[in-house]
Structures are given as C-alpha cells and as structure tokens.
Amino acid sequence: MRALVIGDCHGEMPEIPDDDFDLVMCVGDICGGTGEMRSAMFEAIESEKPWYELFGVEEAKEAVKNSIGEGKEILGELDSLGVPVFVVPGNWDWTGENSDWNYLNDKGYPQMLEGFDNIHDLNFDSRKVGGWSFVGYGPCSGPEVPQYEDDEPDSEEELQEIKREYEDKKNRLRELFGGGKVVLLSHNVPQGTSLDLIDDEDNPKDGRHYGSLIVRELLEEFSPEFNIAGHMHEREGKQEVEDTLCLNTGLNTVWVLDSEEGISKFS
C-alpha cells in the first residue's frame, strides 16, 4: 500500500509527486486564513467576546467565505488524482463545532466536501483499501479534557460535561477498530510526546503539550501501525509512540506512506 499524505494546507496546495498511489490522506486544516484572523482567535481566548466580533462580523463572514473557497480548490485538485481521498476536519475547516455563530451552519465542513467523486469524509468513520483499515478523527485543537488549571471551566458541571463528551467520542472511535492493519488518521497528534509541544511565542499556550488524549489512548489500546496527524506545525516529524509510528506532517507538506518502506517526506 502506497499513500500520499497531505499536511496542513491552510489554503495553499503543495507540490505533489507525479507517481501512482493507492489513496490520499489529508490531515485537515485545508482551508486558509489570515494572520489577522489568527490574532483575533488568540485574543478571544482571554476575552469575553468571540473572535468574529473582535475581527468584525461582516469582515469575518467574508474571510470565512474566502477560506472555504480556498479549501474547495484544494479538494478539487486532490479529487482529480482519481484515487480515494480520505479527509478529516481540522480546527480551521469551519465545522461549527463548539461555536454558537449561526453563520457557520451548513457552510464549512463537511458540506465543502460535497460534489466530488473521490473525496471521503473519514471523521468518526472507517474505510478499507487493499487489506488496510483507515480510521478517522478530527477536529481536535488540544486535549479533550483540560490538562492545565487555567484551561478548566468555571463549574464542575461544565467539567463533567466535557468529560462525558470525551468518553463518548473515544467510545465511538473504539468501535471502528477491528483486527488487521490499521492507520489512524487524526487532525491532532498524540498527547505528551515530542510531537505536541507548542513552541510559538505568539500562542497563549506556548510551552504546553496540546495533543489529543483520545489519540494517545487509542494508540495504547489498539497499537495501529501508523498514526498520521498534523496541527502542531512547529513539531513536524516522526516518533514511535506505544508501538505505533506517528507522523506530525507539519505545515504545507507532502509525505509518502509506503507499508513496506515506512514514511518519507516528498516536499
């Protein structure tokens, strides 16, 4: 099995090899965005206002529209390769998850995947190709349960609800694992590794491990052959975690996963 792996694109299609592949995997964050949007989102972490109010509501609507358009262009190019393309959403793909902004309803992921012949939403789903099973999970921008005191919600009730959602997501994914050879495609990398340490002075969470608890626990329980993920741009690279070879694709990159030869970077 040979698979083309597309890292976080953020609106820019990377160069891909002119070669034959059985399938393509895309780790999410397909859509683009501006530095001003990112700054507003960071500011919103410490603010009582949502990012789109800090950015300007009408300006945010136009920016999201452009962002989704960039994502659809990338999906169109991947669709034209003529092989299955497995996609999970990233936190930049406008799922509307954990957002009360009604404007996002039915505008982003997964609606942006519609109209393509070869694009398949792998989020909380599984597919088989050539004797391999592919399980997908996204989006996840940090630990599903707070790991740092200042990330905890204001009430015990909220914390218990977060824990219930975390257990529900994990159990849904556990049901997708069976026997045989498995690739876990996730947006975020496993928690507590060299792949998930934030190293960005502009990020309020700089210096923290912000990978996925669920991904880490699935690796511990099922030991899939590979975990393909992204999200933490500055932590691009590979690490063996719980007998699973894990890849953090980094930003705007292309990798090749060969079941016989392992994982290598193309660009």
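Which residue of β12 does D258 stand opposite? The answer is in the first view below, and every view is taken from a predicted model.

**View 1. The β11-β12 pair joins two strands of an open sheet.**
D258 stands opposite G262 in β12. Strand β11 covers residues 254-258. Four bridges tie β11 to β12, and the two run antiparallel. β12 spans 262-265 and is an edge strand, pairing on one side only.

**View 2. Six strands make up the open sheet.**
The order across the sheet is β4-β3-β2-β1-β11-β12. Pairing is mixed. β4 (119-121) sits at one edge and β12 (262-265) at the other. From one strand to the next, the twist averages 25°. Helix α3, residues 57-79, packs on this sheet. The helix touches β1 (2-6), β2 (23-26), β3 (85-87) and β4. Its direction makes about 120° with that of β4.

**View 3. Strand β2 pairs with β1 and with β3.**
β1 and β2 run parallel, linked by 4 bridges. I6 has C26 of β2 as its bridge partner. β2 and β3 also pair in the parallel sense, over 3 bridges. Here V24 is matched with V85 in β3. Which residues of β2 are buried on each side? L23 and M25 are buried on one side, V24 and C26 on the other. Both faces of the strand are therefore covered, with buried meaning under 20% relative accessible area.

**View 4. Helices α4 and α5 pack against each other.**
Helix α4 takes in residues 156-174, and helix α5 residues 213-222. Their axes lie 10 Å apart and meet at an angle of about 40°. That angle makes the pair oblique. The crossing is right-handed. On the α4 side, the contact uses Y166, K169, K170, L173 and R174. On the α5 side, it uses L213, I214, E217, L218, E221 and F222. Among the residues of this contact, 6 are nonpolar and 5 are charged. None is polar.

**View 5. Strand β7 places V183 in a buried position.**
V183 belongs to strand β7, residues 181-186. How is V183 classed, buried or exposed? Its relative accessible area is 0%, so V183 is buried. Beyond its neighbours within four places in sequence, V183 is in contact with M1, M25, W132, S133, F134, V135, F226 and I228. M25 is also one of the buried residues of β2. S223 is 40 residues from V183 in sequence. In space, the C-alpha atoms of V183 and S223 are 9.6 Å apart.

**View 6. M232 is a buried loop residue.**
M232 is found in the loop between β8 (226-229) and β9. A relative accessible area of 4% makes M232 buried. Which residues does M232 touch, leaving out those up to four places away in sequence? They are N188, V189, L195, D196, I198, Y210, G211 and N248. R208 is 24 residues from M232 along the chain. The C-alpha atoms of M232 and R208 are separated by 11 Å.

**View 7. Two residues with positive phi sit in the loop between β9 and β10.**
The loop lies between β9 (237-241) and β10 (244-248) and holds E242. Phi of E242 is positive, about 50°, although E242 is not a glycine. D243 lies in the loop between β9 and β10 as well. Phi of D243 is near 70°, again positive in a residue other than glycine. How exposed is E242? At 33% relative accessibility, E242 counts as partly exposed. D243 has 64% relative accessibility, so it counts as exposed.

**View 8. A cis peptide bond precedes P110.**
The bond from Y109 to P110 is cis. Omega is near 5°. P110 is placed in the loop between β3 and β4. β4 is one of the edge strands of the sheet.

**View 9. A cis peptide bond precedes P139.**
The bond runs from G138 to P139, with omega near -10°. Where is P139 found? P139 is in the loop between β6 (132-137) and α4. Helix α4 is the helix that packs with α5 in View 4.

Notes
Residues are numbered from 1 along each chain as its sequence is written. This is a predicted model: local features need pLDDT of at least 70, side-chain atom pairs count only at pLDDT 80 or more; totals for chains, interfaces and linings use all residues. Side-chain values use heavy atoms; hydrogens and water are left out. Two strands pair if DSSP finds at least two bridges between them. Axes are lines fitted to C-alpha atoms, for helices over the stretch in contact, and angles run from 0 to 180 degrees between N-to-C directions. Contact means heavy atoms within 4.5 Å. Angles under 35 degrees count as roughly parallel, over 145 as roughly antiparallel, 65 to 115 as roughly perpendicular and the rest as oblique. A crossing is left-handed if the near helix is turned anticlockwise from the far one by less than a right angle, and right-handed if clockwise. Ala, Val, Leu, Ile, Met, Phe, Trp, Tyr, Cys and Pro count as nonpolar, Asp, Glu, Lys and Arg as charged, and the others, Gly among them, as polar. Buried means under 20% relative accessible area, exposed over 50%, partly exposed in between (1.4 Å probe, protein chains only).
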